[in-house]
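Q: Got a minute to walk through this one with me? I'd like the packing and any odd backbone spots.

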Amino acid sequence: MANEPRAQLRALRGPRVLTLVAVQFSIVVICMLATLLVALQVQHTSIREETGERTLAVAMSLAELPAVVDAVGEPDAGDTLQPIADLVAESAGVDYVVITDDEGIRITHPVPERRGEMVSTDPSVALGGETFVGSEVGTVGPTLRAKVPVWRDGVVVGTASVGILESSISAQLEDRIWQVVPWVIGAGLFGLACAAGVSLVLGRRFDHLAVAAQELETQRRLSAALREQTHEFSNRLHVLFGLIEVDERGEALEYIRSLTPVDSLAADPELEQALSDAPVRIRAILAAASARLCEHGGQLHADVESDDRAVLELIFDDDAATVLSNLVGNATEAVEAQGARGIVRVAVEAAPSGLRMQVDDSGPGVPEELRSQITEVGFSTKETQTMDGLVIPRGVGLGLVRRLAREHGGDLVISDSELGGARFVATLSAAGARGAGGSSEAPTAGRIAP
């Protein structure tokens, strides 16, 4: 099966990314609302400043008109000034224009009934020769207004007041906000999209880092366990060396038998006969596998063919031993559960052109759709094993076999076996093996083919 920690991290990746996106979405929304509030405040301040400046400019222009200066204080001033006030209000886009005399009595007003009455707000600032700009509540409602004095011959003879309703200012502010809102929302959506993209990228990177960290921890713990085993193995070698050094061959063999079963060849005359002329490495590998099978009632059959024993001894090097050991080990593990029905068959064929190793088993086999994946490092169809709470990495052996075979100019081929399980055929070219050392000798065509 695939590496369990990786699978767990992949299962957690979705919720982790969703959580990260949700947090970033909240941040984007908060920033968007804060931006909208700031924009609202800025627009509100800007509109009021613009409105105040506009009302003041209109009021000052009105107060300086000769017709207004000459008419204020005259008996028929209303007939002269009301049309002017209406025209100014319409052309300037203000809500009201009021002209008073020097006592604060209205000469003009948008509501006819209010003309001739005292103004509803304090006119003393303007009548005192000063300018006033601010919000007040008058007869038409809350307004932002400007009041300026009307001068004639250096004397204040009246006032000119221009105002814009606060409701008009609010409507203008609302219009501006609706102009800004799409941009703020668009910026927020763009920021959210960018945040989601960054979350996905960072999520993958964090997952990779988490996987790497977990694998590093696994390797660290494995290294510690291997150091302990190496120490124990070293102690056993010292004992064995001591027995051999004092020529206690029988004691040495008994000590080895106490550590691992090694009597399988003696217990299986047929296998011993088949391996009688085989190199010691092949005998050792197959003897260990046979012993393991015997524990479960299974059988191992072997056939070692070579035109020249010396050639087989020469080309069956460390890499070949690694390949055969991994293939036989996998086959043995595949049939252990079958008990007495478990069979592993090994054929080693050597020629000057290279080496061919075929291992068949009666196990469950390898589905065709998995044969291209099973040689990938880290991929395994076997159950995860643990040792002292430590997950043991799987999916290493076949990847190593394929790499070694290809480095030696050969390959690894997986197919169905007539025994009912899987067949693994590994080939190593003699020229390919020597090629790593600089020889360019071409392989000889013959039996060594996958």
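Q: Start with helix 9 and helix 11. How do they lie relative to each other?

A: First, a caution: this is a predicted model. Helix 9 and helix 11 are roughly parallel, because their packing angle is about 10° and angles under 35 degrees count that way. Their axes are 10 Å apart.

Q: What's the handedness of that crossing?

A: Right-handed: that is how helix 9 passes helix 11.

Q: Which residues make the contact?

A: Helix 9 brings Arg281, Ile282, Ile285, Leu286, Ala289, Arg292 and Leu293. From helix 11 come Asp318, Ala321, Leu324, Ser325, Val328, Gly329, Thr332, Glu333 and Val335.

Q: How do those divide by type, nonpolar, polar and charged?

A: The contact of helix 9 with helix 11 has nine nonpolar residues, three polar ones and four charged ones.

Q: OK, the core. How many residues in the largest nonpolar one?

A: It has 42 residues. Ile282, Phe316 and Leu324 have the most contacts inside it.

Q: Which helix gives the most to it?

A: Helix 11, residues 318-335, with eight residues.

Q: And what does Ile282 touch?

A: Leaving out residues up to four places away in sequence, Ile282 touches Leu275, Val304, Leu312, Phe316, Leu324 and Val348. Two of the core's best-connected members, Phe316 and Leu324, are among those partners.

Q: What about a second core, how many residues there?

A: 31 residues, in a core separate from the other one. Its members include Ala59, Leu81, Ala89 and Ala160.

Q: Back to helix 9 for a second. Is Ser290 buried or exposed?

A: Ser290 lies in helix 9. Its relative accessible area is 1%, so Ser290 is buried.

Q: How far is Ser290 from His301?

A: 8.7 Å, C-alpha to C-alpha. In sequence, Ser290 and His301 are 11 residues apart.

Q: Now helix 12. Which of its residues are buried?

A: Helix 12 covers residues 397-407. Gly397, Leu398, Gly399, Val401, Leu404 and Ala405 are buried there.

Q: What do the buried residues of helix 12 pack against?

A: Helix 11, plus strand 10 (411-416) and strand 11 (422-429).

Q: At what angle do helix 11 and helix 12 pack?

A: About 145°, with the axes 9 Å apart. That crossing is left-handed.

Q: Which residues meet there?

A: On helix 11, Asp319, Thr322, Val323, Asn326, Leu327 and Asn330. On helix 12, Gly397, Leu398, Leu400, Val401 and Leu404. The contact divides into six nonpolar residues, four polar and one charged.

Q: What follows helix 12?

A: Gly409 does, and its phi is positive, near 75°.

Q: Speaking of phi, what's the value at Asp153?

A: About 55°, which is positive although Asp153 is not a glycine. Most residues other than glycine have a negative phi.

Q: Where is Asp153, and is it buried or exposed?

A: Asp153 sits in the loop between strand 3 (141-152) and strand 4 (155-165). Its relative accessibility is 77%, so Asp153 counts as exposed.

Q: And Asp247, what's its phi?

A: Near 65°, again a positive value in a residue other than glycine. Asp247 is in the loop between helix 5 (166-245) and helix 6 (249-259). At 66% relative accessibility, Asp247 counts as exposed.

Q: Switching again. Where does Arg114 lie?

A: In the loop between strand 1 (96-101) and helix 4 (124-127). Arg114 is partly exposed, with a relative accessible area of 35%.

Q: What does Arg114 touch?

A: Arg106, His109 and Thr139, not counting residues up to four places away in sequence. Arg114 and Thr139 are 25 residues apart in sequence, and their C-alpha atoms are 8.6 Å apart in space.

Q: Last bit, the overall numbers. How many helices and strands?

A: The protein has 13 helices and 11 strands. Of its 450 residues, 37% are buried.

Q: What share of the contacts is between residues 24 or more positions apart?

A: 61%, taken over the contacts with a separation of 6 or more.

Terms used: Residues are numbered from 1 along each chain as its sequence is written. This is a predicted model: local features need pLDDT of at least 70, side-chain atom pairs count only at pLDDT 80 or more; totals for chains, interfaces and linings use all residues. Side-chain values use heavy atoms; hydrogens and water are left out. A nonpolar core is a set of buried Ala, Val, Leu, Ile, Met, Phe, Trp, Tyr and Cys residues joined through side-chain atoms within 4.5 Å. Buried means under 20% relative accessible area, exposed over 50%, partly exposed in between (1.4 Å probe, protein chains only). Helices (H or I, at least four residues) and strands (E, at least two) are DSSP runs, numbered from the N terminus. Contact means heavy atoms within 4.5 Å. Axes are lines fitted to C-alpha atoms, for helices over the stretch in contact, and angles run from 0 to 180 degrees between N-to-C directions. Angles under 35 degrees count as roughly parallel, over 145 as roughly antiparallel, 65 to 115 as roughly perpendicular and the rest as oblique. A crossing is left-handed if the near helix is turned anticlockwise from the far one by less than a right angle, and right-handed if clockwise. Ala, Val, Leu, Ile, Met, Phe, Trp, Tyr, Cys and Pro count as nonpolar, Asp, Glu, Lys and Arg as charged, and the others, Gly among them, as polar.
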